[in-house]
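Open the model in your viewer and keep the sequence panel at hand. The stops below say what to select and what is found there.

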Amino acid sequence: SVPQQTVVGGSNWKQVSCAAHTAAIKTDGTLWLWGRNSYGQIGDNTTIHRSSPVQTIAGGNNWNFVACGNYQTAAIKTDGTLWVWGRNNAGQLGDNTTTNRSSPVQTIATGNNWTKISCSKDQTAAIKSDGTLWTCGKNNYSQLGYPTTNAYNPNTNQDKYNFTQVPSINNVVMVVCEESTTG
C-alpha cells in the first residue's frame with residue numbers, strides 16, 4: 001500500500017504504461033516489462049509472470065513510446081515503426097491474424113510515421129504523424145470508429161484484424177482506449 005521503487009530502480013525512466021502488466025522505457029531507450037504474462041504481453045517469448053522488470057526479447061535501445069492493454073503491449077521505436085505482442089483474440093495486434101504473440105512483431109500497418117498508441121482489453125488505436133487515427137481489434141460497439149451493420153445486435157462480429165484508418169478523423173494528437181470506447 002506504500003509506493004516502492006522498482007528493483008531496476010534509478011531515476012532514468014522516460015515513460016511508463018500499466019494495465020495487468022507494466023511497461024516502461026528508460027532514458028537510454030531500453031524497454032522493460034513486468035507483471036502478468038498470460039498471453040506473452042511481457043514480450044520475453046514466454047508466458048511466465050514476472051515480478052521484476054525484464055527487458056523485452058526485441059532488445060535494443062531505440063524504443064520511444066509504449067502502451068499496455070489488459071493482455072497486449074504496443075510500442076513505437078524511434079524510427080517510427082509500430083510493434084505489437086500479447087493476446088490477439090480480436091485482432092487487436094493489427095497483424096491480420098488472431099494469433100497470440102509472445103515476442104514483439106512489427107505490425108503489417110504501413111509506414112514508419114507512428115507517434116502515439118493506446119490499448120485496451122481488445123482494441124488498439126494509433127496515431128500517425130499526419131494526425132490520422134488508425135484502429136484495430138474488437139468493434140462490437142463501434143468503438144473502433146466504424147459503424148456496425150446491426151445497431152440492435154452489437155455482438156455482430158465486425159472486428160478489424162489490421163490497422164485501418166478511421167474515416168473523417170484528422171489532426172489527432174492523443175488517443176485513449178477503454179474497454180468499449182476510443183476517444
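Select β1, β2, β3 and β4 of this predicted model. These four strands make an open sheet, ordered β1-β2-β3-β4, with antiparallel pairing. Which strands stand at the edges? They are β1 (13–18) and β4, and because each has a single partner strand, one side of each is without a neighbour in the sheet. On average, neighbouring strands here are turned by 15° against each other, direction ignored.

Within that sheet, pick β2 (residues 21–26) together with β3. Five bridges hold this antiparallel pair. To see one position of the pairing, show His21, which stands opposite Gly35 in β3. When colouring side chains by face, keep in mind that they alternate between the two faces of the sheet in a regular strand.

Next, select Asp44, in the loop between β3 (31–35) and β4 (50–55). Is this residue buried or exposed? With a relative accessible area of 14%, Asp44 is buried, because the limit for that label is under 20%. Add Arg50 to the selection: its side chain and that of Asp44 are joined by a polar contact of 2.8 Å. Beyond the neighbours within four places in sequence, Asp44 is in contact with Asn37, Arg50, Val54, Ile57 and Ser102. Showing these five as sticks gives the surroundings of Asp44.

Move on to β5, β6, β7 and β8. They too form an open sheet, in the order β5-β6-β7-β8, and the pairing is antiparallel. Its edge strands are β5 and β8 (101–106), each of which pairs on one side only. The average turn between neighbouring strands of this sheet is 15°, direction ignored. Inside it, β6 and β7 form an antiparallel pair over five bridges. Select Ala75 and Trp83 to view one position there: Ala75 stands opposite Trp83 in β7.

The loop between β6 (72–77) and β7 (82–86) holds the next stop, Gly80. Gly80 has a relative accessible area of 6% and is buried. Which residues does Gly80 contact, apart from its neighbours within four places in sequence? They are Gly111, Asn112, Asn113 and Trp114. For a distance across the sequence, pick the C-alpha atoms of Gly80 and Ser129: they are 9.1 Å apart in space, with the two positions 49 residues apart in sequence numbering.

Now select β9 (residues 114–119) and β10 (residues 123–128). The two strands run antiparallel and are joined by five bridges. A hairpin of three residues connects β9 to β10. In this pair, Lys116 stands opposite Ile127 in β10.

Select the cysteines next. How many disulfides does the model contain? The count is zero, the cut-off being a pair of cysteine sulfur atoms within 2.5 Å. Start with Cys68: the closest cysteine sulfur is in Cys18, 6.6 Å away, which is too far for a bond. Cys68 counts as buried, at 6% relative accessibility. Then take Cys177, which is in no disulfide either; its nearest cysteine sulfur is that of Cys119, 6.8 Å away. Cys177 is also buried, with a relative accessibility of 5%.

Finish by selecting the whole protein chain and colouring by confidence. The mean pLDDT is 88, and 86% of the residues reach 70 or more. Where is confidence lowest, and where is it highest? The lowest value belongs to strand β14 (residues 181–182), with a mean of 66, and the highest to strand β5 (residues 63–68), at 97. Predicted coordinates should not be read in detail where pLDDT is low.

With the chain still selected, switch to a cartoon by secondary structure. It has zero helices and 14 strands, so from the N terminus on every element in the run is β. Of its 183 residues, 48% count as buried. Among contacts with a separation of 6 or more, 47% are between residues 24 or more positions apart.

Definitions and conventions
Residues numbered from 1 in each chain as written. Predicted model: local features only at pLDDT ≥ 70, side-chain atom pairs only at ≥ 80, totals over all residues. Heavy atoms only, no water. Buried < 20%, exposed > 50% of the residue type's maximum accessible area, 1.4 Å probe, protein only. Polar contact = N/O pair within 3.5 Å; in protein donor to acceptor, adjacent residues only side chain to side chain. Contact = heavy atoms within 4.5 Å. pLDDT = per-residue confidence, 0-100. Pairing = 2+ DSSP bridges. Axes fitted to C-alpha atoms, helices over the stretch in contact; angles between N-to-C directions.
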